[in-house]
Amino acid sequence: MGKEKILISCGGLRIGGMEKLLVEYANFICKDGIYDVILFLMSDLGLENTLIDSVDDKIEVKYIKDSDMVKKKEELKKKKKTFLGKLRYAGFLSYEKKETHKRYKDYVNSLNNVKVVIDFDLSLFKF
């Protein structure tokens, strides 16, 4: 059956008070080994997730939007100055919304024994 899981959600782990608190909280919960902690981040922001190194190794980190999707969005956002660029960006936003909802649903449905979901910054609200 395995240990019960606690899913903690946040948009990312940039430097900030809320994010520091989240990391301390997650590390504290997993310290005694009673629960498996899953840190569920909205976007893989690469080097911008500066606090990721502070997360305990026992905590599983999952992303809804992988680094490729984040980079693609940023590239298209820079090219929004033309009409075609705006169309491509709008099309990508539509794709991104559908894909993130699908990834979230697929991942949550694959989990067993989730005892608690903690949404630190209301990032799961849209789901």
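Visitor: Why is D66 called partly exposed?

Guide: D66 has a relative accessible area of 32%. Buried means under 20%, exposed means over 50%, and partly exposed is in between (1.4 Å probe, protein chains only). D66 at 32% therefore counts as partly exposed.

Visitor: What should I know before trusting such values?

Guide: This is a predicted model, where local features need pLDDT of at least 70 and side-chain atom pairs count only at pLDDT 80 or more, while totals for chains, interfaces and linings use all residues. Residues are numbered from 1 along each chain as its sequence is written, and side-chain values use heavy atoms, leaving out hydrogens and water.

Visitor: What makes D66 and R103 a salt bridge?

Guide: Their side chains meet at 3.7 Å, N to O. The term asks for a side-chain nitrogen of Lys or Arg within 4 Å of a carboxyl oxygen of Asp or Glu, so this pair qualifies. D66 sits in the loop between β3 (60-65) and α2 (67-78), R103 in helix α3, so the bridge ties together parts 37 residues apart in sequence. R103 is partly exposed, at 25% relative accessibility.

Visitor: How many salt bridges does the whole structure hold?

Guide: The search finds seven. One of them joins K115 and E4, at 3.7 Å, N to O. K115 is in strand β4 (residues 114-119) and E4 in the segment before β1, 111 residues apart, so distant parts of the chain are linked. Strands here are DSSP runs of E with at least two residues, helices are runs of H or I with at least four, and both are numbered from the N terminus.

Visitor: Which salt bridge sits inside helix α3, and how far apart are its partners?

Guide: K102 and D106 are four residues apart in α3, about one helical turn. Their closest N and O atoms are 2.9 Å apart. K102 is partly exposed at 47%, and D106 is partly exposed at 42%. Elsewhere, bridges that share partners join K65, K73 and E96 into one network.

Visitor: How do you know whether C10 is in a disulfide?

Guide: A disulfide is a pair of cysteine sulfur atoms within 2.5 Å. The whole structure has zero. For C10, the nearest cysteine sulfur is that of C30, 17 Å away, and C10 is in no disulfide. C10 is buried, with a relative accessible area of 1%. C30 also counts as buried, at 3%.

Visitor: What makes a group of residues a nonpolar core?

Guide: The members are buried Ala, Val, Leu, Ile, Met, Phe, Trp, Tyr and Cys residues, joined through side-chain atoms within 4.5 Å. The largest core has 16 residues, and those with the most contacts inside it are I8, L13, L22, V37, L39 and I59. β1 (5-10), α1 (17-31) and β2 (36-43) each supply at least two residues. α1 gives the most, with five. Apart from this core lies another, of nine residues, among them I64, Y104, L111 and L124.

Visitor: What does L22 touch?

Guide: Contact means heavy atoms within 4.5 Å. Leaving aside residues up to four places away in sequence, L22 touches I8, S9, C10, L13, L39 and F120.

Visitor: Why is L84 called partly exposed?

Guide: L84 has a relative accessible area of 46%. L84 belongs to helix α3 (residues 83-110).
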